[in-house]
Amino acid sequence: MDKKHWFGVLLALLAAFFNGMVGIFSVNLFNSGMTPEAVAFYKCAVAFFIIVIVLVATNKLGAMLHYLREKWQALIVCSFFGFFMLYFFETAAYGNLNVAVVVFLLFGVSTLVTFITNAILERRILTGKEWMSVLFAILGLYFIFIENEHIEASVDIGFIYAVLAGVGYGLFLVLNKKLNIGGGLIPVCGLLFFGLIYLLIPFSLSGPVGIDGSAWFTLVLLALLPTIGGFWCTTKSLTIMKSQTVQLVELSEPIFALILGFIFLEQLVTPMQMLGGVCILAAILIHEFRFSLCRKAKTVTDTMP
């Protein structure tokens, strides 16, 4: 891979690392008395105002307004999937399920959605390389859920929330690339603007919720790291790589979530979860390794007399 591609991979890995903190911070905010609707809305509101302050300080507010006028239709679509569906349902899922389970289910579903949607839009069938990558991703998901058959039906709503979040994120990755949203603080700010409008609806319906003084530090970290940092890295990597590649590299997020969940929430990592993590890493390696081989073979063919 060339340097530009490696930079895209690094950005996707950073996005996965930042996003792996969402569950940790969200659970802490739940413990402070905040509802899922409040957490989803407040973290985006704080992130939006932070970015606006940065844009004002760097004299880029005019560029932001011009970007909104030019891309508002695309932003409305992408923010619905990337902020409303992802953040609302993901945050709600953390209130019902183990952090690692939510992340594995979310990314397993989003992987399927990303690959299948891309194939549909490009009017083709999935390649063998893509099927192998998806297969290993699903195996990782299966190895996580095989030990959760004893979960009571009363928390099944958490599975549904996680699946819907995965559908939203998968469609966001594809549409963000197809609609040429771009990368950087300005696109993230535009997505947050429309995302806040969507998230205001469930937040208002659930009733006003205040923010406890001790929760502000966690809320700011949630806004800075996963919300701003995660989406900045994701949108930037999408300007460099295909959405399928970004999705696969970001499958490393469950690995980070398992580690962070063990360190901060004392959630034990079982052998089956470890095996699931290995399968996810295998999905990434298969896709990238075979991609490199194919590109190398094509280069050799093109240089032959």
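**Figure 1. Contacts of Ala137 in helix H6 of the predicted model.** Ala137 touches Thr111, Leu251 and Ala283, leaving out residues up to four places away in sequence. The residue sits in helix H6, which spans residues 128-145. Ala137 has a relative accessible area of 4%, so it counts as buried, the limit being under 20%. Phe104 is 33 residues away from Ala137 in sequence, and the two C-alpha atoms are 9.2 Å apart.

**Figure 2. Surroundings of Gln244 in helix H10.** Helix H10 covers residues 243-249 and includes Gln244. Is Gln244 buried or exposed? Its relative accessible area is 6%, and Gln244 is therefore classed as buried. Apart from neighbours within four places in sequence, the residues in contact with Gln244 are Thr114, Phe115, Asn118, Arg124 and Glu130.

**Figure 3. The largest nonpolar core, viewed around Phe172.** This core has 88 residues, and Phe172 and Leu192 are those with the most contacts inside it. Helix H4, residues 61-94, supplies the largest share of the core, with 16 residues. Which residues does Phe172 touch, not counting those up to four places away in sequence? They are Cys78, Phe81, Gly82, Leu191, Phe231, Thr234 and Thr235. Of these contacts, Cys78 has a relative accessible area of 0% and is buried.

**Figure 4. The largest cavity and its lining.** The model has 2 cavities of 30 Å³ or more, and the largest cavity holds about 110 Å³ of space. Its lining consists of Asn19, Val22, Leu86, Tyr87, Glu90, Leu106, Phe107, Tyr169, Gly230, Phe231, Thr234 and Glu253. Two or more lining residues come from each of H4, helix H5 (99-121) and helix H9 (216-238). Sorted by class, the lining has 7 nonpolar, 3 polar and 2 charged residues. Phe231 and Thr234 appear in this lining and also among the residues that Phe172 touches.

**Figure 5. Val52 and Cys189, distant along the chain.** The two residues are 137 positions apart in sequence, while their C-alpha atoms are 7.4 Å apart in space. Val52 belongs to helix H3. With a relative accessibility of 22%, Val52 is partly exposed, whereas Cys189, at 1%, is buried. How many disulfides does the structure hold? The number is 0, a disulfide being a covalent bond between the sulfur atoms of two cysteines.

**Figure 6. Ile116 in helix H5, shown with Val174.** Ile116 is located in helix H5. Its relative accessibility of 40% makes Ile116 partly exposed. Along the chain, Ile116 and Val174 are 58 residues apart, and their C-alpha atoms are separated by 10.0 Å.

**Figure 7. Asn59 in the loop between helix H3 and H4.** Helix H3 covers residues 36-57, and Asn59 lies in the loop that links it to H4. Asn59 is not a glycine, yet it has a positive phi of about 60°. Is Asn59 buried or exposed? At 73% relative accessibility, Asn59 is exposed, because the limit for that class is over 50%.

**Figure 8. Asn180 in the loop between helix H7 and helix H8.** The flanking elements are helix H7 (156-178) and helix H8 (185-206), with Asn180 in the loop between them. Phi of Asn180 is near 55°, which is a positive value in a residue other than glycine. The relative accessible area of Asn180 is 53%, and this residue counts as exposed.

**Figure 9. The whole chain, as context for the close-up views.** The chain contains 12 helices and 0 strands, so every position in the order of elements from the N terminus on is α. Of its 305 residues, 53% count as buried. Among contacts in the chain with a separation of 6 or more, 90% are between residues 24 or more positions apart.

Terms used:
Residues numbered from 1 in each chain as written. Predicted model: local features only at pLDDT ≥ 70, side-chain atom pairs only at ≥ 80, totals over all residues. Heavy atoms only, no water. Core = buried A, V, L, I, M, F, W, Y, C linked by side-chain atoms within 4.5 Å. Buried < 20%, exposed > 50% of the residue type's maximum accessible area, 1.4 Å probe, protein only. Helix = DSSP H or I, 4+ residues; strand = E, 2+ residues; numbered from the N terminus. Contact = heavy atoms within 4.5 Å. 1 Å grid on protein atoms, 1.4 Å probe; cavity = no way out; pocket = protein on both sides within 12 Å on 5 of 7 lines; lining within 4 Å. Points joined across faces, edges and corners; volume = space filled by probe spheres on them. Nonpolar A, V, L, I, M, F, W, Y, C, P; charged D, E, K, R; others polar. Disulfide = S-S within 2.5 Å.
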